[in-house]
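Open the model in your viewer and keep the selection tool ready. Each stop below says what to pick and what is found there.

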Amino acid sequence: MTLLGLQIKRLKADSLDFDAQLSQALAWDGIADKSIESNVQDIIKSVREKGDSAVIHFTQKFDHLSVNSMAELKLSKDYLRQALKNISPVQKDALELAARRIRLYHQRQSQESWIYQESDGSVFGQKITPMDRVGLYIPGGKASYPSTVLMDAIPAQVAGVPELIAVLPTPKGQCNDLVLAALAITGVDEVYTIGGAQAVAALAYGTETIKAVDKIVGPGNVYVAAAKKAVYGQVGIDMVAGPSEILVICDGKTNPDWIAMDLFSQAEHDEQAQSILLCPNPNYIDAVVDSMNKLLPEMERRDIICASLNSRGFLVDVTSLEQAAEISNRIAPEHLELSVEEPDKVLSLLRHAGAIFMGRHTSEALGDYCAGPSHVLPTSGTARFSSALGVYDFQKRTSLINCSPATAKALAKTTSVLARSEGLTAHARAAELRDPSWPDGL
């Protein structure tokens, strides 16, 4: 289908080869590139071995910065506060309102330690504790994202993490005042103008200047994703994020301009982003196509939108909203819009999505900035087993077990039977010795 130079695929869900077509349309394996993996491993190895000097070298090489020390790459709190003064009052109000809404939402996710006591005095429970130190990766390539600062930092702060270290690339020394202002608003402890795999490695393993963290969160390009994947195990990570995605299920009654712009809103992120529309009304899909034709020339990032829709976008004629929900569950999209008359009814059919935007007036863009939930979401089908970034990602759950003599005695037999069946005699004896009535010598 031609849209002013665009070629966007249109599929029919009832066609015999739809499953194969859908699999092909969803295929993405960007971080499996062997050359990327090899380059990332080399960078990580260098940072582990050479510390600050490697970070400086790669920052000079990739970000084209003329720096000779880590001190030049660290931003002071005064510098961040000045950036907050530099932005307009309207921008400051927007950041502060978004921060308040994000904090309010995530405060509802807070978990508390709990215990319960059995009749003989035994106590069992769970202790909730925050991580000690978290690294925040703030992307800065094709666009700058002050919203990501808020979405990364605030859930960690609500969780009680005492130390946050942010890294952000500043190619050719270009710093975005809104990003710096967001860092000032959140009060992040340390900020370094480094990015890419070298920043991930520095956070994971530490250098002479940067302290190693317990977890790294935040999206980045394919090199950042590959680096996060490589250091997982040394540190925790939120997820290995792929390109941004939106899937819209529409009943054909929403203003088609709204849907066209919602699809554009993800396509403009980068050329690998994916925008999908499922609708049971073929004529309405045609109307959305007409809206795309009309609106595309107005878009500042129309070349990126064009490349994204050409390579990865598609429109699907479905037979019903129920079939649309079934297809959506297979895709497990990052962002899912339910632009339908009764979104609650469709919601009951859905199992997998990073975030669901319900109703015609709830554009995905609201969730990107200020609705409240974090916009750091699982991509590439990982919503089947992953969730949005939240307070729980920055807390650890530790089991508490305090057995009374009576409970220790009561559980000794079961423990002994199971341990001996596994050939772990010491386990069995450790339990048996707590029971003075246990037959000697077993």
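**Helix 2 and helix 8**

Select helix 2 and helix 8: the crossing between them is right-handed. This is a predicted model. Helix 2 covers residues 34-50 and helix 8 covers residues 196-205; their axes come within 9 Å and cross at roughly 45 degrees. That angle makes helix 2 oblique to helix 8. Now show side chains. From helix 2, pick Val40, Ile43, Ile44, Val47 and Arg48. They meet Ala197, Gln198, Ala201, Ala202 and Tyr205 of helix 8.

In general, a pair of packed helices is described by two values, the angle between the axes and the distance between them. Keep both in mind for the next stop.

**Helix 5 and helix 7**

Move to helix 5 and helix 7 (residues 177-186), whose axes come within 11 Å. They cross at roughly 45 degrees, so helix 5 is oblique to helix 7. The handedness of this crossing is right-handed. Helix 5 brings Gln91, Leu95, Glu96 and Ala99 to the contact. Helix 7 answers with Leu178, Ala181, Ala182 and Ile185.

Why do residues three or four places apart point the same way in an α-helix? An α-helix has 3.6 residues a turn, so such residues end up pointing the same way.

**Ile102**

Stay on helix 5, residues 89-107, and pick Ile102. Is Ile102 buried or exposed? Ile102 counts as buried, because its relative accessibility is 0%, and the cut-off for buried is under 20%. Show what surrounds the side chain. Beyond residues up to four places away in sequence, Ile102 touches Leu150, Met151, Ile154, Tyr369 and Gly372. Then draw a distance from the C-alpha atom of Ile102 to that of Glu342. The two are 240 residues apart along the chain and 27 Å apart in space.

**The six-stranded sheet**

Next, colour the strands. Six of them form an open sheet in the order 3-14-13-12-15-16, with parallel pairing. Strand 3 (9-12) and strand 16 are the edge strands, each pairing on one side only. Neighbouring strands are turned against each other by 15 degrees on average, direction ignored.

Zoom in on strand 12 (residues 245-250) and strand 15 (residues 335-339). How many bridges pair strand 12 with strand 15? Five bridges pair them, in the parallel sense. For one of these rungs, select Ile246; its bridge partner in strand 15 is His335.

**Arg360**

From strand 16 (355-358), follow the chain into the loop that leads to helix 15 (364-369), and pick Arg360 there. Look for two polar partners. The side chain of Arg360 reaches the backbone oxygen of Ser339 at 3.3 Å. Its side chain also makes a polar contact of 2.9 Å with the side chain of Glu341. Now widen the selection. Neighbours within four places in sequence aside, Arg360 contacts Asp251, Lys253, Thr254, Trp258, Leu338, Ser339, Val340 and Glu341.

**Helix 12**

Select helix 12, residues 302-311. Which residues of helix 12 are buried? They are Ile304, Ile305, Cys306, Ser308 and Leu309. To see what covers them, show strand 2 (6-7), helix 10 (256-267) and strand 13 (274-279), which are among the covering elements.

**The three-stranded sheet**

Go to strands 5, 6 and 17. They form an open sheet in the order 5-6-17, and the pairing is antiparallel. Strand 5 (114-117) and strand 17 (395-402) are at the edges; each has a single partner strand, so one side of each is left without a neighbour in the sheet. From one strand to the next, the twist averages 15 degrees.

Focus on strand 6 (residues 123-130) against strand 17: eight bridges join these antiparallel strands. Pick Val123 in strand 6, then find Asn402, its bridge partner in strand 17.

**Zoom out**

Finish with the whole protein. There are 17 helices and 17 strands. The C-alpha atoms fill a box of roughly 85 × 60 × 45 Å along the principal axes. Of the 442 residues, 50% count as buried. Among contacts with a separation of 6 or more, 73% involve residues 24 or more positions apart.

Technical notes:
Residues numbered from 1 in each chain as written. Predicted model: local features only at pLDDT ≥ 70, side-chain atom pairs only at ≥ 80, totals over all residues. Heavy atoms only, no water. Helix = DSSP H or I, 4+ residues; strand = E, 2+ residues; numbered from the N terminus. Polar contact = N/O pair within 3.5 Å; in protein donor to acceptor, adjacent residues only side chain to side chain. Contact = heavy atoms within 4.5 Å. Buried < 20%, exposed > 50% of the residue type's maximum accessible area, 1.4 Å probe, protein only. Pairing = 2+ DSSP bridges. Axes fitted to C-alpha atoms, helices over the stretch in contact; angles between N-to-C directions. Parallel < 35°, antiparallel > 145°, perpendicular 65-115°, else oblique. Left-handed = near helix turned anticlockwise from the far one by under 90°.
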